[in-house]
Amino acid sequence: MSVDESRVDPGDTPVEETVAPSGALTDRAKVLAERARKVRERGEALRAATAEGRGSQPAGADDSAAGADGDVAAAGADDSGAGADANAAGAADVGDGAAEEGKRVEGWSHRVEDQSDWTEGLKDRSRELFYRGKRLDSRAQGSGATAPGSGLTVDERWMGVAVDAAERVRARTSPNPWVGAVIVTGDGAEFSGATAPAGGPHAEIAALDAAGDQARGGTLYVTLEPCAHQGRTPPCTEAIVAAGIRRVVIGMEDPDRLVAGAGITALVDAGLEVEVGVGADVVADQLAPYVCHRLTGRPWVVLKLAATLDGRTAAPDGTSQWLTGEGARADAHRLRSRSDAVLVGAGTVRADDPTLTVRLPETDPDARPSDQQPLRVVLGHAPDQAKVQPAVELQGDLGEVLDELGRRGVIQLLVEGGPTVAHAFHAAGLADRYVLYLAPALFGGDDALPLFSGPGAPTLSALWRGSVRSVTSLGSDLRVEMSPRQHPEQGE
């Protein structure tokens, strides 16, 4: 076996272990339930005080209390009569809001009790719900307000900025996750940052460095939970606290066993306001390869295919360059750049002699220098003089191949093999995402090579069905991205 070690980077943490649910969640749920009860009682008391104020206070009560906290407004109304209606209305609104908040938190507590196992793809958001409960004392921040003209809350809008920052460094951070962060100050200034290549600053640190002293009292939005342990870099949580950040909004909890809620706990213990789960679906989709690697120890597998509209990948004589246009081919190189390894079969190496390198203009955000190319993997043996060399040569069970690549720190694997390799991964159910480039062309016969070579579904009821995630025009070609359907509908 020949190995190209230049792209092997073990990362900060092992990948064998999955995340276990916190044993303290039940106790936290009880605390939330008690907090909900107290808040509801406060709301009911405020409404009672309001009703009494409306029935007994003459006109002319002192309006100096208007706009104060509900219980102050209800208890401090002056019998002189000026502004009684305003005070009563304010108290009623706050009372109703407090009672409603209590009901929501009580509901959160029950959900935390009911959802104790979150190892299934991070679907359990119990910790997120607990930390949302912690926002009660500072809800007046108004972060849940809708941003004008966007349909998004203010927090969702800023999390979108952080997601965009992460997307710009997607091809540069592995084996670390591609994370984005933005700090918003009290006067509305913003400072963004993203994860640097391995060994460099994390996204939070980059944003803090950009903000400097202006970070004090501000809100930090970050797509992934900050780390609280010493790795290649110091703990991000310590820097966040030291910078005087008042509030931290996190897209999703980090499934890495060395983090797994520890960063959130450290921030809460330091007295910061923390919310988890804003934009969680978008962030989880963006970080799906990283999450897959941390939870399973295997890479996220992307199966790339290119074909004519009648589903053919090469002419009967084997020629296939080029089915698609320049736009589709450039997009395929970006997909390659965002992968840690590219895999083909030995037959493709013998037939096409591919280099499997990223070839993009230096100005492209996904461009890679020649010494930082994806790991090249061949199923079987490649000739010594093949352009793909040096390469890792593996064979045997595909699951074991993925295990080996996961141990090598491969977060995302791009499968670019021919019909036989594509069929092998598809039939084994090992593809996490399918990317098809379709050219507006037809071979018009059955003798050209198909997308898959091997037995398919024997009956319509056994037909594989996926979910289309996107369809994009690339010049005259189409890019179709699909994922396996998690819960197939009956009767399809």
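A helix here is a DSSP run of type H or I with at least four residues, and helices are numbered from the N terminus. With that in hand, look at helix H8, which spans residues 262-269. Gly 271 follows H8, and its phi is positive, near 95 degrees.

**How far to trust the model**

This structure is a predicted model. Its confidence is uneven. The chain has a mean pLDDT of 77, and 68% of its residues reach 70 or more. Helix H2 (residues 70-75) has the lowest confidence, with a mean of 38, while strand S11 (residues 412-415) has the highest, at 97. Residues 1-26 have a pLDDT below 50, yet the model gives this stretch 63 contacts beyond near neighbours in sequence. Another such stretch covers residues 103-142: pLDDT stays under 50 there, and the model has 88 contacts for it beyond four places in sequence.

**Helix H8**

Which residues of H8 are buried? They are Gly 263, Ile 264, Leu 267 and Val 268. These four cover an arc of only 130 degrees around the axis, so they sit on the same side of H8. The spacing of a helix helps to explain such a pattern. An α-helix has 3.6 residues a turn, so residues three or four places apart point the same way.

**Two nonpolar cores**

In soluble globular proteins, nonpolar side chains tend to be buried together. The largest nonpolar core of this model has 35 residues. Ile 183, Ile 240, Ile 245 and Val 248 touch the most other members. Helix H6 gives the most to this core, with four residues. A second core is separate from it and has 29 residues, including Val 301, Leu 303, Val 377 and Leu 451.

Take Ile 245 as a sample from the largest core. Beyond its neighbours within four places in sequence, Ile 245 is in contact with several residues, among them Ile 183, Leu 208, Leu 220, Ile 240 and Leu 272. Its contacts also include Ala 215, Gly 217 and Gly 218.

**Strand S11 and its partners**

S11 is covered on both faces. Gln 412 and Leu 414 are buried on one side, and Leu 413 and Val 415 are buried on the other. S11 pairs with strand S6 in the parallel sense, over four bridges. It also pairs with strand S8 (residues 341-345), again in the parallel sense, over three bridges. Val 415 in S11 is the bridge partner of Leu 303. Val 415 is also the bridge partner of Leu 343.

**A hairpin**

Strands S14 (residues 466-474) and S15 (residues 477-484) pair in the antiparallel sense over eight bridges. Ser 467 has Ser 483 in S15 as its bridge partner. The hairpin has two residues between the strands, and Gly 475 takes a positive phi near 65 degrees.

**Salt bridges**

Side chains of opposite charge can pair when their charged atoms come close. This structure holds 18 salt bridges. Three of them are listed here.

| Salt bridge | N to O distance |
|---|---|
| Asp 403 and Arg 298 | 2.8 Å |
| Arg 408 and Glu 404 | 2.9 Å |
| Arg 479 and Glu 481 | 2.8 Å |

How many residues apart are Asp 403 and Arg 298? They are 105 residues apart, so this salt bridge links distant parts of the chain. Asp 403 lies in helix H13 (residues 398-407), and Arg 298 lies in the loop between helix H10 (288-296) and S6 (300-308). Asp 403 is partly exposed, at 26% relative accessible area. Arg 298 is also partly exposed, at 26%.

The next pair is split. Arg 408 counts as buried because its relative accessibility is 13%, under the 20% cut-off. Glu 404, at 23%, counts as partly exposed.

Are Arg 479 and Glu 481 buried or exposed? Arg 479 is buried, with a relative accessible area of 12%. Glu 481 is buried too, at 15%. Salt bridges with shared partners join Arg 479 and Glu 481 to Asp 285, Asp 331, Arg 433 and Arg 469 in one network.

**A buried histidine**

His 202 sits in the loop between strand S2 (190-194) and H6 (203-211). His 202 is buried because its relative accessible area is 16%. Leaving out residues up to four places away in sequence, His 202 touches Ala 194, Thr 195, Cys 227, Thr 233 and Cys 236.

Conventions: Residues numbered from 1 in each chain as written. Predicted model: local features only at pLDDT ≥ 70, side-chain atom pairs only at ≥ 80, totals over all residues. Heavy atoms only, no water. Salt bridge = Lys/Arg side-chain N within 4 Å of Asp/Glu carboxyl O. Buried < 20%, exposed > 50% of the residue type's maximum accessible area, 1.4 Å probe, protein only. Contact = heavy atoms within 4.5 Å. pLDDT = per-residue confidence, 0-100. Core = buried A, V, L, I, M, F, W, Y, C linked by side-chain atoms within 4.5 Å. Pairing = 2+ DSSP bridges. Arc of directions from axis to C-beta.
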